[in-house]
Amino acid sequence: MRGVNDPSTLPVVLRDRQPRDLPTLTRWLSDPGVEWRRWDAPYFPAATTNETLRAYVEHLGQTAPDADERVIDVDGECVGMVNRSEEPPEGGGWWDLGILIYDPAAWGGGTGTRALALWVADTFEWTDAHVVTVSTWSGNERMIRAARRLGFRECARVREAYVVEGERMDSVKLDLLRAEWEAH
Ligand SMILES: CC(C)(COP(=O)(O)OP(=O)(O)OC[C@H]1O[C@@H](n2cnc3c(N)ncnc32)[C@H](O)[C@@H]1OP(=O)(O)O)[C@@H](O)C(=O)NCCC(=O)NCCS
């Protein structure tokens, strides 16, 4: 399903992680063969990503939900996560946003655009962000298009910075100012 006319009508909410989400999260984060890993920072060596994800699953099981990391919920089910981190210096007003929907069957139907819109709104509401960014690579057209649709603009491109499946790809960053979002 491509080119959803109005993702804002989809039943997508962002919420705190709950204990009942852990089996789903563990399953999607622990399987090295899942499709999402071909799209989310695929230029890192698999062994490094395996170790990062192993530590992350452990962290999820041991920590309370965090305001900077929320579950994407569709009809009561956890389908992915959003996160954000402040770029240094603290209080400088620049936050980088991340998004991941685990199941490829859920891609291309507007869920990512809707979840990212909710995450941008949440970030501007609950942080002092002046500008938000999304960081990706040139092959991830779904990510770039979802961000552009919300008003993000390309602000940086490092050409041929990464190797993905033997091919040189660009590092791409898109930005969105608070004032642009409020006028949107
Ligand atoms: C990136 C991601 C969050 C986007 O969410 P999504 O629900 O798939 O995206 P949407 O359906 O909301 O929008 C995708 C856009 O890409 C387009 N698109 C859909 N399928 C596409 C495809 N196969 N190729 C290119 N563009 C595609 C859609 O038409 C839409 O653009 P439009 O609004 O201009 O028509 C999701 O695909 C995902 O989690 N992927 C795996 C992990 C990942 O890449 N995370 C981001 C790392 S930086």
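1. A starting point: helices and strands here are DSSP runs, numbered from the N terminus, with a helix having at least four residues and a strand at least two. With that in hand, and bearing in mind that this is a predicted model, we can ask which element gives the largest share of the shell around the ligand. That element is α4, with six residues.

2. Let's stay with the ligand for a moment. There are 25 residues around it, and those that come nearest are Trp 39, Trp 107, Gly 108, Gly 112 and Thr 113. Elements that each supply at least two residues of the shell are β4 (94–101), α3 (111–126) and α4 (141–149). Sorted by class, the shell has nine nonpolar, ten polar and six charged residues.

3. Now look at α4 by itself. Which of its residues are buried? They are Met 143, Ala 146 and Ala 147. Viewed down the axis of α4, these buried residues fall within an arc of 95°, so they line one face of the helix. Try turning the model until you look along that axis. The cover over the buried residues of α4 includes α3, β5 (131–137) and β7 (167–177). After α4 comes Gly 151, with a positive phi near 105°.

4. Next, the inside of the protein. In soluble globular proteins, nonpolar side chains tend to be buried together. Here the largest nonpolar core has 29 residues, and the members touching the most others are Ile 72, Leu 97, Leu 116 and Ala 147. Two or more residues of this core come from each of β2 (69–74), β3 (77–86), β4, α3, β5, α4 and β7. So where does Ala 147 fit in? Ala 147 is one of the buried residues of α4, and it is also among the core members with the most contacts to other members.

5. Leu 116 is a good residue to click on. Leaving aside residues up to four places away in sequence, which residues does Leu 116 touch? The list is Ile 99, Ala 146, Ala 147 and Leu 150. Two of these names, Ala 146 and Ala 147, should be familiar as buried residues of α4.

6. A word on the record. UniProt, in an unreviewed entry, places the feature "domain: N-acetyltransferase" at residues 12–170. Over residues 12–170 the chain is 32% helix and 32% strand. The end C-alpha atoms of that stretch are 31 Å apart.

7. Some backbone details deserve a look. The peptide bond from Pro 88 to Pro 89 is cis, with omega near 5°, and Pro 89 sits in the loop between β3 and β4. Glu 160 is not a glycine, yet its phi is positive, about 55°. Glu 160 belongs to strand β6 (residues 153–164). Glu 165 is not a glycine either and has a positive phi of about 45°; its place is in the loop between β6 and β7.

8. Are these two glutamates buried or exposed? Glu 160 counts as exposed because it has 11 C-beta neighbours inside 10 Å, and exposed means 12 or fewer. Glu 165 is exposed too, with 9 other C-beta atoms within 10 Å.

9. Last, visit Ala 64, in the loop between α2 (46–62) and β2. Ala 64 is exposed, since 6 other C-beta atoms lie within 10 Å. How far apart are Ala 64 and Asp 6? In sequence they are 58 residues apart, and in space 34 Å, C-alpha to C-alpha.

Conventions. Residues numbered from 1 in each chain as written. Predicted model: local features only at pLDDT ≥ 70, side-chain atom pairs only at ≥ 80, totals over all residues. Near = placed C-beta within 6 Å. Nonpolar A, V, L, I, M, F, W, Y, C, P; charged D, E, K, R; others polar. Buried ≥ 20, exposed ≤ 12 C-beta atoms within 10 Å, placed from the backbone. Arc of directions from axis to C-beta. Contact = placed C-beta atoms within 7 Å. Core = buried A, V, L, I, M, F, W, Y, C linked by C-beta atoms within 7 Å. UniProt positions renumbered as here; feature names shortened; annotations may be inferred.
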